[in-house]
Amino acid sequence: MILRPTGTEANLMKMFLISTLALVSLNRGAAQEDKPRDSATAVPEVAALEPELEALYRDLHEHPELAFHEERTAETLAKRVKELGFEVTTGVGRTGLVAIMHNGPGPVVMLRAELDALPIEEKTGLPFASKVSTRNAAGVVVPVAHACGHDLHMTGWYGAAKIMSQRRGAWHGTLMLVGQPAEESFNGASAMLTDGLFTRFPKPDYAISMHDEPSLPSGQVGFHAGFFRASADAIDVTIFGRGGHGARPQNTIDPIVIAARAVLGIQTIVSRETDPFSPTVVTIGSIHGGTGGNTIPDEVRMQMTVRTYDAKVREHILASISRQVEAEATAANAPTMPSVKVVGGTDAVYNDPALTSRLVTALRRNLGTDGVREMPAKMTGEDFSQYGRAGVPAVLLHIGAVNAAALASGEKLPDLHSPSWAPELEPTLRALVSAEVIMLMELLGTQPTDAR
Ligand SMILES: [Zn+2]
Ligand SMILES: [Zn+2]
């Protein structure tokens, strides 16, 4: 089912109950087979948790917070995992949290969820849609919404934590839950690492995380070994000219013309300077200059993003952007050379191939081959990369979150970061919790003598 804007809360609850009942009868049939073939039969504890998880999801969804402001969010999760018996530390990397459960000798396994939401006005029409607005870092009032599914991820993370705490007798080692702030700005993981995530707390032997995915049907797990998500750099450029009257251009240096030439020059970097076999994107997503048609401004500001997988290409593009804007400024005899600043970024996500293969085998054993699908790499970034860069074998997997029939229809559906994005909650959440428990049990469920 899709949580459609037209549905009332009562209807949604009814649909939830109907599909839960359908699920129970499905479980009965599947239980007679040798191997479970869906998330509910693979991890039977999930069914009983669903009402609690849905309530938590609604609460998190209704109260989104921007990067590094996730105080309420972190507190909500901290309280819940403390009740499960985890040792909880908040304020790690400003607003992050770490929850540890020591359960005898064995590997240390980290499960990460992101805490932050986006400055987007929600238009899902859901009964629990966000109505929150807040001031951003620049002091501007912006709407806030969970338009990337981090509320879903946190709910799944808590569900998996609860089941793992119930299964304490069946695994050995240390379960390390990480609630990471500021994924959207790509600096939460590094903030936590700088604040001692792997020194104040045990350094994990494995790190895993899951993200909702609009190209896969609800509940299906997507994986990709090796490089999976591109490096991402945010670049701010300011072009300086000399402002003046729009009717006397001879007395000015027009930064708008310099910027226009620079935009076209920068857009030839990928087509003319990089290997076509090396996936690369340069997007100039913001350009601002001037206040009126009859005035030539002093400066133009541009914001861009660079995505690639190759460190050398990344370096080349950043250098080339500087070269292009400086060349245009020189050609126009600009009084000051442009300013080019890399204001944020993250490395490419590399999914450890051996760990990916081990997890996929475990997931397929429990969810069936069709439930786990290989998917292509993407040009979107994720700062989960930083845990791998810190020396921990790490895997980021995706969980399909779109109604299968709607996806098959070819209809244009909302993407992540769209004001209308909402996962098809119930099957996605159930599969997310199950997949995380399956993976944690695979990594922690061995006997102590087998571990490390
Ligand atoms: Zn996002
Ligand atoms: Zn996200």
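## Geometry of the zinc site

In this predicted model, the site of the zinc ion (ligand 1) is irregular, since the angles among its 4 donor atoms run from 54 to 149°. Four donors would count as tetrahedral if all angles lay between 85 and 135 degrees, and the angles of 54 to 149° at this site do not meet that condition.

The protein atoms that serve as donors are SG of C148, two OE atoms of E184 and NE2 of H417, and they lie 2.0 to 2.6 Å from the zinc ion (ligand 1). Along the sequence, these donor residues follow the spacing C-x35-E-x232-H.

## What the site joins

C148 is found in the loop between β5 (141–143) and α5 (150–166), while H417 is in the loop between α12 (404–408) and α13 (425–444), so the pair ties together parts that are 269 residues apart in sequence. C148 counts as buried, because its relative accessibility is 6%, whereas H417, with a relative accessible area of 36%, is partly exposed.

## A second zinc ion

The zinc ion (ligand 2) lies 3.1 Å from the zinc ion (ligand 1), and C148 coordinates both.

## Confidence in the model

The average pLDDT of the protein is 91, and 90% of the residues score at least 70. Two stretches, however, have a pLDDT below 50: residues 1–34, which have 39 contacts in the model beyond near neighbours in sequence, and residues 448–452, for which the corresponding count is 9 contacts.

Methods: Residues numbered from 1 in each chain as written. Chains lettered and ligands numbered in written order. Predicted model: local features only at pLDDT ≥ 70, side-chain atom pairs only at ≥ 80, totals over all residues. Heavy atoms only, no water. Donors = N, O, S within 2.8 Å, 3.2 Å for Na, K, Ca; no water. Tetrahedral: all angles 85-135°; square planar, octahedral: opposite > 155°, others 65-115°. Helix = DSSP H or I, 4+ residues; strand = E, 2+ residues; numbered from the N terminus. Buried < 20%, exposed > 50% of the residue type's maximum accessible area, 1.4 Å probe, protein only. pLDDT = per-residue confidence, 0-100. Contact = heavy atoms within 4.5 Å.
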